Amino acid sequence: MYRKMVGSRAKGDVMSEPPRMPRWVKVFAIVGAVVLVLLAVMLLAGHGPGQHMGHGR
Amino acid sequence: MRPPLRRLGLVLHVGASVGWLGAVVASLALGVIGLAAADPGVVRGVYLVLEPIGWATLVPFSVASLLTGLVQSLGTSWGLVRHYWVLVKLVMNLFATGVLLLYMQTLGLLAAAARDPGTTAAGLRTASPVVHAAAAIALLLVALALSVYKPRGVTPFRPGGGTR
């Protein structure tokens, strides 16, 4: 009986409200966004193919 | 997917991903040698081989890891967008493969400069391959940890409703 109630309640919860995003996913999303912003800044600053060499001759 | 086929797919995915990590570690070692070597011939040789090594190992392993990962997720109950850890790995893999394909242009330019006898060893030396390889290793180790720990969390996108 208890098992049945718990099972039905859990199922009902899943059906009624969307699952919450876990904290680790939020951390990954923030780190990913920071990395993307840094990459955008570096690209705008001239970082890209051909920008790495010392051009020494 | 039937269990024998699923295991074969897993073997291929792990093999491709481990191969990718190993190829990046080899590139990191070459990058460090290019920065540290005193012999100009060794420095020139490093920047000459980084590009063919990239096309021969980095790119094939990264694409193989992506494709086998797609097959593995779509062919099993994990799904492609059902669990956050699978979805995060997919995004990381797409990002890493995209950056690698763009970075192959840089390795091509470095190889062209190394072929030019007028370029000095000092002019060739750059920390760029080391920085990119180190970042790739960090990303691949995080992906590896996600694969092993499989942290909990299901997305709102669950076709069929099953978890596993």
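How many helices and how many strands does chain B have? In this predicted model, chain B comes out with five helices and zero strands. Read from the N terminus, the elements of chain B go α-α-α-α-α. Taken along the principal axes, the C-alpha atoms of chain B fill a box of roughly 65 × 25 × 20 Å. Of its 164 residues, 45% count as buried.

Chain A has two helices and zero strands. Its 57 residues include a buried share of 14%. The accessible surface of chain A adds up to about 5,000 Å², and carbon and sulfur atoms account for 68% of that area.

Next come the pockets. The largest pocket holds about 1,400 Å³ of space. Its lining runs to 43 residues, and the ones closest to the centre are A:V35, A:L39, B:F95, B:V99 and B:L139. Both chains turn up in the list of contributing elements: helix 2 (23-44) of chain A supplies at least two lining residues, and so does each of helix 1 (3-36), helix 2 (40-74), helix 3 (84-115) and helix 5 (128-149) of chain B. In terms of residue class, the lining of the largest pocket splits into 36 nonpolar and seven polar residues, with no charged ones.

The second largest pocket has a volume of about 850 Å³. Its lining is made of 33 residues, and B:L10, B:H13, B:W85, B:K89 and B:S147 sit nearest the centre. Here helix 1, helix 2, helix 3 and helix 5 of chain B each put in at least two lining residues. Helix 1 of chain B gives the most, with nine residues. The class breakdown for this second lining is 18 nonpolar, 10 polar and five charged residues. For anyone setting the two pockets side by side, the lining of the largest has no charged residues, whereas that of the second largest has five.

On the surface, a nonpolar patch of about 460 Å² is built from A:V27, A:V31, A:V35, A:L36, B:F95 and B:V99. Two elements give two or more residues to this patch, namely helix 2 of chain A and helix 3 of chain B. The largest share, four residues, comes from helix 2 of chain A. Some names recur here: A:V35, B:F95 and B:V99 belong to the patch, and these residues are also among those closest to the centre of the largest pocket.

One patch member, A:V27, lies in helix 2 of chain A. Why does A:V27 count as partly exposed? The relative accessible area of A:V27 is 45%, and the partly exposed class applies because this value falls between the 20% limit for buried and the 50% limit for exposed. A:K26 is also placed in helix 2 of chain A. With a relative accessible area of 45%, A:K26 is partly exposed too. From A:K26 to A:V37, 11 residues along the chain, the C-alpha atoms are separated by 16 Å.

Over in chain B, B:R7 has its place in helix 1. B:R7 is exposed, at a relative accessible area of 55%; the label applies because exposed means over 50%. B:R7 and B:L140 are 133 residues apart along the chain, and their C-alpha atoms are separated by 21 Å.

Further along chain B, B:Y149 is found in helix 5. At a relative accessible area of 68%, B:Y149 is exposed. B:Y149 and B:A127 are 22 residues apart in sequence, and C-alpha to C-alpha they are 33 Å apart in space.

B:K150 is located in the segment after helix 5 of chain B. Its backbone has a phi near 45°, a positive value in a residue other than glycine. B:K150 counts as partly exposed, with 34% relative accessibility.

Terms used. Residues are numbered from 1 along each chain as its sequence is written. Chains are lettered from A and ligands numbered from 1 in the order in which they are written. This is a predicted model: local features need pLDDT of at least 70, side-chain atom pairs count only at pLDDT 80 or more; totals for chains, interfaces and linings use all residues. Side-chain values use heavy atoms; hydrogens and water are left out. On a 1 Å grid over the protein atoms alone, a cavity is a set of points where a 1.4 Å probe fits but cannot get out, and a pocket is an open set with protein on both sides within 12 Å along at least five of seven lines; lining residues have an atom within 4 Å of a point. Grid points are joined across faces, edges and corners, and a volume is the space filled by probe spheres set on the points. Ala, Val, Leu, Ile, Met, Phe, Trp, Tyr, Cys and Pro count as nonpolar, Asp, Glu, Lys and Arg as charged, and the others, Gly among them, as polar. Patches are made of residues with over 30% relative accessible area and no salt bridge: like charges are joined within 9 Å, nonpolar side chains (Val, Leu, Ile, Met, Phe, Trp, Tyr) within 5 Å. Accessible areas come from the Shrake-Rupley method with a 1.4 Å probe; for residues, only the protein chains shown count as cover. A salt bridge is a side-chain nitrogen of Lys or Arg within 4 Å of a carboxyl oxygen of Asp or Glu. Buried means under 20% relative accessible area, exposed over 50%, partly exposed in between (1.4 Å probe, protein chains only).
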